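Please walk through this predicted model from its salt bridges outward to the whole chain. The text takes up the paired side chains, then the helix that holds them, then the surface and the confidence of the prediction.

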Amino acid sequence: MYPAGELDELALRKRLLRSSIARNRWEMREAAVELVRPLEWVDRVIAKWRQISPFMKIAAVPLGFMLKKSIFPRIGIFSSLIKFAPMAFSMFRSFRAHKA
C-alpha cells in the first residue's frame, strides 16, 4: 500500500493533469471556432443559392458575362476562372456525392 504522502502527491499530479487537459481542450475549441468561421459563410452562400429560382440562375449567366466585359475587360485571370468554373463545379458535385 502507498503511504499517504505519495497518494497526496499523485492526487495533486492528477488534478494538474486534468486542468492541463481542460485548458488544451478549451484552446482546441477556440482554434476550431476560428477555423470554421469562413466555412459558415460558404454554407450560408450555398443555402442562399439554393433558394434562388432556377430561372434566375440561368439569367445570371449572361448578366455575369456582361459584367465581366464591363468591369474586367482585359484581365486574363478572371476569364480563366470562368472557363474552368463548370469543370470545378462538376468535380465539387462528384466529391460531395461520394462523400454522402
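A salt bridge here is a side-chain nitrogen of Lys or Arg within 4 Å of a carboxyl oxygen of Asp or Glu. Arg23 and Glu27 satisfy this cut-off, because their side chains meet at 3.9 Å, N to O, and the limit is 4 Å. Side chains of opposite charge can pair when their charged atoms come close. The sequence positions fit the contact: Arg23 and Glu27 are four residues apart in helix 1, so about one helical turn separates them. An α-helix has 3.6 residues a turn, so residues three or four places apart point the same way. Both partners are partly exposed, Arg23 with a relative accessible area of 48% and Glu27 with 45%.

How many salt bridges does a search of the whole structure find? The search returns three. Besides the pair already described, Arg37 forms a salt bridge with Glu34, and their closest N and O atoms are 2.9 Å apart. Arg37 and Glu34 are three residues apart in helix 1, which means that about one helical turn lies between them. Arg37 counts as partly exposed at 44% relative accessibility, and Glu34 counts as partly exposed at 48%. The side chains of Glu30 and Arg29 also meet in a salt bridge, at 2.6 Å from N to O. Glu30 is partly exposed, with a relative accessible area of 32%, and Arg29 is partly exposed at 44%.

Helix 1 covers residues 4-51, which is 48 residues. From its first C-alpha to its last, helix 1 reaches 67 Å, close to the 70 Å expected at 1.5 Å a residue. Where does the kink in helix 1 lie? A kink of about 35° is found at Arg37, shortly before the proline Pro38. Arg37 is thus a residue to look at twice, as it is the site of the kink and a partner of Glu34 in a salt bridge.

The view can now widen to the protein chain. Its secondary structure comes to three helices and zero strands, and read along the sequence the pattern is α-α-α. Of the 100 residues in the chain, buried ones make up 1%. The accessible surface comes to about 9700 Å², and 69% of that area belongs to carbon and sulfur atoms.

One nonpolar patch on this surface is formed by Phe84, Met87, Met91 and Phe95, which together have about 440 Å² of accessible area. Phe84 lies in helix 3, residues 76-99. At 47% relative accessibility, Phe84 counts as partly exposed.

Confidence varies between the elements. The mean pLDDT of the protein chain is 81, and 83% of its residues reach 70 or more. Which element has the highest mean pLDDT, and which the lowest? Helix 1 has the highest, at 91, and helix 3 has the lowest, at 72. Where pLDDT is low, the predicted coordinates should not be read in detail.

Methods: Residues numbered from 1 in each chain as written. Predicted model: local features only at pLDDT ≥ 70, side-chain atom pairs only at ≥ 80, totals over all residues. Heavy atoms only, no water. Helix = DSSP H or I, 4+ residues; strand = E, 2+ residues; numbered from the N terminus. Buried < 20%, exposed > 50% of the residue type's maximum accessible area, 1.4 Å probe, protein only. Areas by Shrake-Rupley, 256 points an atom, 1.4 Å probe, with all protein chains shown as cover. Expected span 1.5 Å × (residues − 1). Bend = angle between axes of the 7 residues up to and from the residue. Patch = residues over 30% accessible without salt bridge, like charges linked within 9 Å, V, L, I, M, F, W, Y side chains within 5 Å. pLDDT = per-residue confidence, 0-100.
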